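Student: I would like a close look at a single part of this model, namely the charged side chains that pair with one another, and at whatever surrounds that part. Please take it slowly and give the reasoning along with the values.

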Amino acid sequence: MIKRITSYHPELYSIERLSHVSPWSEGVLQSCFTENYQIYGWFSAAGILQGFCVIQQVCDEFTLMNITVAPAYQGQGIGGQLLRYVQALAAQHRAKLWLEVRASNAAALHLYEKQGFSEVGRRPSYYPRGDEREDAVIMSWQAV
Ligand SMILES: CC(C)(COP(=O)(O)OP(=O)(O)OC[C@H]1O[C@@H](n2cnc3c(N)ncnc32)[C@H](O)[C@@H]1OP(=O)(O)O)[C@@H](O)C(=O)NCCC(=O)NCCS
């Protein structure tokens, strides 16, 4: 079940830290509990937080800043449900939805393409990856 999370919970950072190549710091996650940001969590029937997403809304544009599912629960459709929820929110506001993803992130790219996002540009060598760098793929989606 998806619920809005309105105050910081350390479980967010536990999931973040385990899931990303370059995780956000706990401070960055805490700073998302301010105006313009919304955080939604996916909770199991037992109330366990299994994944979350962070969106930023500025006027009529939404940006998906983060979407993360704890490794133990990946591949069960939770990321898809969270993304569909954000797409529905953006559609309600007639807003365009933007995101950026590492070019090597096959799982995320697959999910975004499957749910109708299109590549609209790239930031070359944007993300550090070990001693090298990789492109950010910029994608957008809008309800028709
Ligand atoms: C990206 C992420 C949120 C997807 O969440 P999820 O709950 O595993 O996704 P779902 O179970 O809804 O699967 C969505 C699709 O991705 C596919 N997928 C999952 N893992 C995959 C992988 N490693 N490679 C390719 N496709 C993959 C699934 O098969 C599914 O597609 P299908 O229905 O056609 O089979 C999750 O992998 C994650 O948290 N990754 C680490 C954090 C991250 O990279 N976030 C995105 C930053 S932009």
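Tutor: A residue counts as buried under 20% relative accessible area, as exposed over 50%, and as partly exposed in between. The model is a predicted one, and the values below are computed from it. With those limits in hand, E100 is to be called partly exposed, because its relative accessibility is 30%, and R123 falls into that class as well, because its value is 34%.

These two side chains meet in a salt bridge, with 2.6 Å from N to O. E100 belongs to strand β5 (residues 96-102) while R123 belongs to strand β6 (residues 118-129), so the pair ties together parts that are 23 residues apart in sequence. The whole structure holds 5 salt bridges according to the search, and the one between E100 and R123 is a useful place to begin.

A further salt bridge joins E134 to R102, where the closest N and O atoms are 2.7 Å apart. Here E134 lies in strand β7 (residues 132-141) and R102 in strand β5, so this pair ties together parts that are 32 residues apart in sequence. The burial of these partners can be read from the limits above: E134, at 7% relative accessibility, counts as buried, and R102, at 11%, counts as buried too.

E134 also takes part in a salt bridge with R129, at 3.6 Å from N to O. R129 counts as partly exposed, because its relative accessibility is 41%. Through shared partners, the salt bridges join R102, R129 and E134 into one network.

Returning to R123, we find that its role is not confined to the bridge with E100, since its charged end also sits over the ring of Y126, at 5.6 Å from the ring centre. Y126 in turn pairs with Y127: the ring centres are 5.0 Å apart and the planes stand at 80°, so the pair is edge-to-face. The burial of the two tyrosines can be set side by side, as Y126 is partly exposed with a relative accessible area of 41%, whereas Y127 is buried with 18%.

A charge over a ring occurs elsewhere too, for K3 lies over the face of F43, at 4.8 Å from the ring centre.

It is worth following the aromatic side a little further. A pair of aromatic rings is described by the distance of the centres and the angle of the planes. The search of the whole structure gives 5 aromatic pairs. One of them is formed by Y8 and F33, whose ring centres are 6.3 Å apart and whose planes stand at 80°, so that this pair is edge-to-face. It links distant parts of the chain, with Y8 in the loop between β1 and α1 and F33 in the loop between α2 and β2 (37-43), 25 residues apart. Y8 counts as partly exposed at 23% relative accessibility, and F33 counts as partly exposed at 23%. There is also one aromatic cluster made of Y112, F117 and W141.

As a last piece of the surroundings, consider helix α1 (residues 10-19), in which L12, I15 and E16 are buried. They cover an arc of only 100° around the axis, which puts them on the same side of α1. Among the elements that cover these buried residues are β1 (2-5), α2 (26-30), β3 (49-58) and β4 (61-69).

Key:
Residues numbered from 1 in each chain as written. Predicted model: local features only at pLDDT ≥ 70, side-chain atom pairs only at ≥ 80, totals over all residues. Heavy atoms only, no water. Buried < 20%, exposed > 50% of the residue type's maximum accessible area, 1.4 Å probe, protein only. Helix = DSSP H or I, 4+ residues; strand = E, 2+ residues; numbered from the N terminus. Arc of directions from axis to C-beta. Contact = heavy atoms within 4.5 Å. Salt bridge = Lys/Arg side-chain N within 4 Å of Asp/Glu carboxyl O. Phe/Tyr/Trp six-rings, centres within 6.5 Å; stacked < 30°, edge-to-face > 60°. Lys NZ or Arg CZ within 6 Å of the ring centre and 35° of its normal.
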